[in-house]
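Me: Please set out how the interior and the charged pairs of this protein model are arranged.

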Amino acid sequence: MEVSNFETNIQARLGIVNLKEADKDVVLEQKHAIDWVYRGEGAANLVLAYTGSSHSFIGKVMRIPKAPRNGSPHVRSPTALSTHERLLWKDVDGIVSSPNKEIAAQLYVQHVMSPLLGSEHVDAGMRVLVSREFLDSVEKNVICQRPAWRVDAAKADTDRDSVLLLTDHSLFPGGTLNSRSCVSVEIKPKCGFLPFSRFISDRNAIKRSITRFRMHQALKLHQGEISELSEYDPIDLFSKCKDRIDKAIISLFNTPQNNFRVFLNGSLIFGALGAGANSTSFVISEAFEDALKSFIWADNNLRTMNFLQLVSETVYKSGVLDRLLEIQKLDNFDIEGAVHAYYDIIYESCPVCRESGGDKVSQIYTSLHSIPLDESLKIVKDYLIAATAKDCSLIISFRPSEDGYSGSPYNKIHLEATNQIFDYKASFIDLDLKPLKKMEDYYELDKKIVNCYTRMVEAERSIKANTT
């Protein structure tokens with residue numbers, strides 16, 4: 001399989017893992033596909049976990065980009081970034097000259113998100129060479145485990161020669177070969193603050209008092225993406241208040257959707273793979289209680305609550321979400337302000353200003369169109385970095401401590417109710433580089449979310465008025 005000299009240099013900087021260190025030409029072939037099992041997926045990537053015996057891959061997951069099934073050929077851009085994106089990210093080491101978007105995204109994690117969140121919480125990953133036959137086999141092997149709507153929308157992109165290999169954060173080093181059980185919780189925290197931008201229009205003032213997550217729930221319910229509204233409010237999770245964090249974790253457990261999953265030794269025991277889960281039923285709750293039997297030392301019907309308390313206590317004492325919130329707050333213009341800077345960067349007449357017409361707010365927007373280009377670039381760059389922080393996931397992994405409070409490189413947490421001490425580690429995943437073009441989508445989605453929520457509130461008021 002040929003790789004250009006330029007890409008070889010990039011690969012050398014990032015690290016390429018081959019199946020055998022002694023043979024640099026070996027790639028993952030069709031026969032190796034059986035060792036990789038479905039772990040989940042998002043809009044852009046499939047995630048597979050390794051179950052084989054090669055020490056090179058134990059404790060690893062693989063991210064394979066997806067290609068749409070819309071009948072049109074999947075054409076990959078010859079360059080990773082557009083002209084305007086290269087201007088936006090010009091100060092990030094190596095990203096402008098990346099040969100494809102996957103390596104650009106990896107460099108983004110390495111040079112942007114890792115310093116912001118802390119390298120101890122982030123793995124930028126390594127690229128591993130793969131054959132088309134390997135990808136074809138993987139696609140066939142996992143298709144039955146994927147949600148039907150995901151299968152209809154996209155498949156594994158088999159037109160590539162490498163994929164991203166990452167640490168499996170649902171395990172401790174050593175993977176499933178480790179003798180101690182490991183339970184990991186994956187949380188999508190979402191946006192943890194109320195926007196404060198002066199560029200939010202009066203008609204959208206509700207954004208200052210209701211979280212984006214709660215408003216988006218109304219749109220998802222209206223569109224049939226969820227069957228009921230979540231009880232969760234991100235503000236509680238980020239509050240630094242123990243009682244509110246308790247409430248957030250319990251709410252996530254009660255209505256997990258795609259925001260809360262739990263793994264035992266790398267295998268899912270709560271939540272859904274690649275899709276959202278409905279409200280937690282009695283049967284699901286009982287199965288989860290039983291799965292914790294060897295991990296939480298408590299009587300029946302107490303293990304789940306003790307585990308949720310363990311998660312809540314760790315979020316509270318670790319402060320792991322503090323940095324994430326700081327990064328989210330880089331969005332201090334809101335999309336209603338940042339979108340104007342975006343249109344200046346791409347040198348297009350601003351359609352948002354044309355829509356607002358004589359609105360008094362349009363005069364505020366005019367000031368955004370008169371700032372230097374470097375300031376517009378900073379506004380949009382900060383907005384996109386904040387968008388990454390709003391969409392990422394947090395994984396906290398626990399295992400019983402063998403040596404109390406000493407002798408381990410990991411942080412410790414004491415679960416008072418059971419008098420157990422656990423090692424824990426916290427990691428952030430899904431730190432995706434957001435395309436510049438998505439600024440237009442973010443603006444349109446923001447309008448839909450606010451409009452739908454406003455209509456729902458008005459309808460509820462009307463019903464209430466008619467019944468009194």
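The exchange below deals with nonpolar cores and then with salt bridges.

This is a predicted model, in which local features need pLDDT of at least 70 and side-chain atom pairs count only at pLDDT 80 or more, while totals for chains, interfaces and linings use all residues. Residues are numbered from 1 along each chain as its sequence is written, and side-chain values use heavy atoms, with hydrogens and water left out.

Me: Which helix gives the most residues to the largest nonpolar core?

Reply: A nonpolar core is a set of buried Ala, Val, Leu, Ile, Met, Phe, Trp, Tyr and Cys residues joined through side-chain atoms within 4.5 Å. The largest one has 83 residues, and Trp89, Leu237, Phe307, Phe398 and Met439 have the most contacts inside it. Helices are DSSP runs of H or I with at least four residues, strands are runs of E with at least two, and both are numbered from the N terminus. With eight residues, the greatest contribution to this core comes from helix H15 (residues 373-391).

Me: With which residues is Leu237 in contact, leaving aside its neighbours within four places in sequence?

Reply: Contact here means heavy atoms within 4.5 Å. On that criterion, the partners of Leu237 beyond those neighbours are Ile187, Pro189, Tyr232, Ile245, Ala248, Ile249, Val315 and Leu321.

Me: Is Glu41, the salt-bridge partner of Lys66, buried or exposed?

Reply: A salt bridge places a side-chain nitrogen of Lys or Arg within 4 Å of a carboxyl oxygen of Asp or Glu, and Lys66 and Glu41 meet in one at 2.7 Å, N to O. The pair links distant parts of the chain, with Lys66 in strand E4 (residues 60-68) and Glu41 in strand E2 (residues 36-41), 25 residues apart. Buried means under 20% relative accessible area, exposed over 50% and partly exposed in between (1.4 Å probe, protein chains only). Because its relative accessibility is 11%, Glu41 counts as buried.

Me: How many residues apart are Lys190 and Asp391?

Reply: The side chains of Lys190 and Asp391 form a salt bridge of 3.8 Å, N to O. Lys190 lies in the loop between strand E8 (183-187) and helix H6 (212-222), whereas Asp391 belongs to helix H15, a separation of 201 residues.

Me: Why does Asp382, paired with Lys378, count as buried?

Reply: Lys378 and Asp382 meet in a salt bridge of 2.6 Å, N to O, and both lie in helix H15, four residues apart, about one turn of the helix. Lys378 is exposed, with a relative accessible area of 52%. Asp382, by contrast, counts as buried because its relative accessibility is 12%.
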